[in-house]
Amino acid sequence: CENSKFIMTCSEEDKKVICLDTGIVYENSKDAESKTVAKANAITRCCRGNCKKAGKLRWQYYSDYLLEK
């Protein structure tokens, strides 16, 4: 997943993401990338449902996470 290449839209870059393994919420995938080993594009792919993990962690858009609670 980390080696996948694609272009994120502006709205995806601004979406909060949550690491399901740690419970930490990040402002966006770039913020999460700066604080974890996962790459921003891989995090976004996981949030879209295209892969299971990025940086050995599970990710979800925070807004989707809140809808499931």
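**Exercise 1. Determine the order of helices and strands along the chain.**

Solution. Helices (H or I, at least four residues) and strands (E, at least two) are taken as DSSP runs, numbered from the N terminus. Read along the sequence, these elements give the pattern α-β-β-α-α-β-α. The chain thus holds 4 helices and 3 strands. The model is predicted: local features need pLDDT of at least 70, side-chain atom pairs count only at pLDDT 80 or more, and totals for chains, interfaces and linings use all residues. Residues are numbered from 1 along each chain as its sequence is written, and side-chain values use heavy atoms, with hydrogens and water left out.

**Exercise 2. Locate the salt bridge between Asp21 and Arg58 and state which parts of the chain it ties together.**

Solution. A salt bridge requires a side-chain nitrogen of Lys or Arg within 4 Å of a carboxyl oxygen of Asp or Glu. For Asp21 and Arg58, the N to O distance is 2.9 Å. Asp21 lies in the loop between strand 1 and strand 2, and Arg58 in the loop between helix 3 (40-48) and strand 3 (59-61), so the pair ties together parts 37 residues apart in sequence.

**Exercise 3. Analyse the salt bridge of Asp31 with Lys35: sequence separation, then burial of each partner.**

Solution. The closest N and O atoms are 2.8 Å apart. Both residues belong to helix 2; because they are 4 residues apart, about one helical turn separates them. For burial, the classes are buried (under 20% relative accessible area), exposed (over 50%) and partly exposed in between, with a 1.4 Å probe and protein chains only. Asp31, at 17%, is buried, whereas Lys35, at 55%, is exposed.
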